[in-house]
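Me: I am new to this structure and would like a close look at a single part of it. Please take one helix and explain, step by step, how it sits among its surroundings.

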Amino acid sequence: VPFAGWTLPLHYGQGHLQSHLHTRRHCSLFDVSHMLQTLVYGRDRIRFMESLVVGDIAELKPGQGTLTLLTNEKGGITDDLIVTNTSEDHLYVVSNAACADKDLAILRDRAAQLQATGSDVHVEVSDNALLALQGPSMARVLQAGLSDDLAKLSFMNSITTTVFGVPGCRVTRCGYTGEDGVEISVPAARAVELAEQLLGVPDVWLAGLAARDSLRLEAGLCLYGNDIDETVTPAEAGLMWTLGKRRRAAMDFPGAAVIMAQVKDKPRRRRAMAWTGAGQALLNSLYPHIPGTVTSGCPSPCLGKNIAMGYVEAAHSRAGTELTVEVRKKQHPAVITKMPFVPTQYYMAK
């Protein structure tokens, strides 16, 4: 199917349900090379990045990364992205494919502004491919092709290493499924070779866009363009945890005045998650007596119920709140639940 200018497979061979459950029980390989990878060099790279995002990039240790948000002057979310302070001489940034052109223009424009005042910063686009290996057997599968000890690599940390004989790979322990997983930035010329090595393990299946979407929704993770966009603030989206304490105090990121005012006065709407009974159609919209909008919804393969993410008035966003959902002009009961729907399995090294 078309996706952000790319053609992506919904699934490979096995159907969506089987692929989803296999990822939860074993391990799946996702080709996510459509995502934008950029490298930021220069002695002022941290100051540059913090002028655009809400996160505390300066506090990141070598090899450590964080999910952060690009915001605009109105407090809206321009994109969500991962920024890693590498052990080398640069920041490594992964952005959403749907926002690639927009993000790259923002990064380059800001770099040019700072360069004009004498700052040392340079943005470079990586032409690496990006493979995501996700699921409970990931560590066993990948460790067989690594000299480094994966047990020492915590969630949101990365190393540059050789993977199954392919040198120069950046392995980051993260993902979009809620499972223990890695994303491997691999030189494009050897991406197929690495993928074939991983797929040589019987536990590893290829997974496509359909499983990627249902897995991330079960894990309570946002899809940019659906659940967050430039009309939504971090406070409304329940993403205030991405704002570092120092950044909140300094209020030196785009839209800080709007966002921090919402923190003080409380936003009028909040992102929430709800489920409804099995056997019903995909959730479409919240019933008008409680104003709201469903932004993502699907049948949950793990729970056997329909699940959805959306926005409701803040007063109705607490877990346990009963709502009515309109599905094809019929009304069905739904209940707000805590995020995520399925417990996450992110790995923290001891």
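Reply: On the face of helix 3 turned away from its buried side lie the exposed residues D101 and A116, in what is, it should be said early, a predicted model. The buried residues of this helix are A100, D103, L104, L107, A111 and L114, where buried stands for a relative accessible area under 20%. Seen down the axis of helix 3, these buried residues fall within an arc of 100°, so they line one face of the helix. Such a pattern can be understood from the geometry of helices in general: an α-helix has 3.6 residues a turn, and therefore residues three or four places apart point the same way.

The length of the helix can be checked in a similar manner, because the 17 residues of helix 3, running over residues 100-116, should span 24 Å at 1.5 Å a residue, and the C-alpha atoms at its ends are indeed 24 Å apart, which agrees.

As for what the buried side meets, the buried residues of helix 3 pack against several strands, namely strand 4 (36-41), strand 5 (64-71), strand 6 (77-85), strand 7 (90-95) and strand 8 (122-125), and also against helix 2 (45-50). Beyond the end of the helix, the chain continues to G118, a residue that follows helix 3 and has a positive phi, near 95°.

Methods. Residues are numbered from 1 along each chain as its sequence is written. This is a predicted model: local features need pLDDT of at least 70, side-chain atom pairs count only at pLDDT 80 or more; totals for chains, interfaces and linings use all residues. Side-chain values use heavy atoms; hydrogens and water are left out. Helices (H or I, at least four residues) and strands (E, at least two) are DSSP runs, numbered from the N terminus. The expected span of a helix is 1.5 Å times one less than its number of residues. Buried means under 20% relative accessible area, exposed over 50%, partly exposed in between (1.4 Å probe, protein chains only). The arc is that of the directions from the helix axis to the C-beta atoms. Contact means heavy atoms within 4.5 Å.
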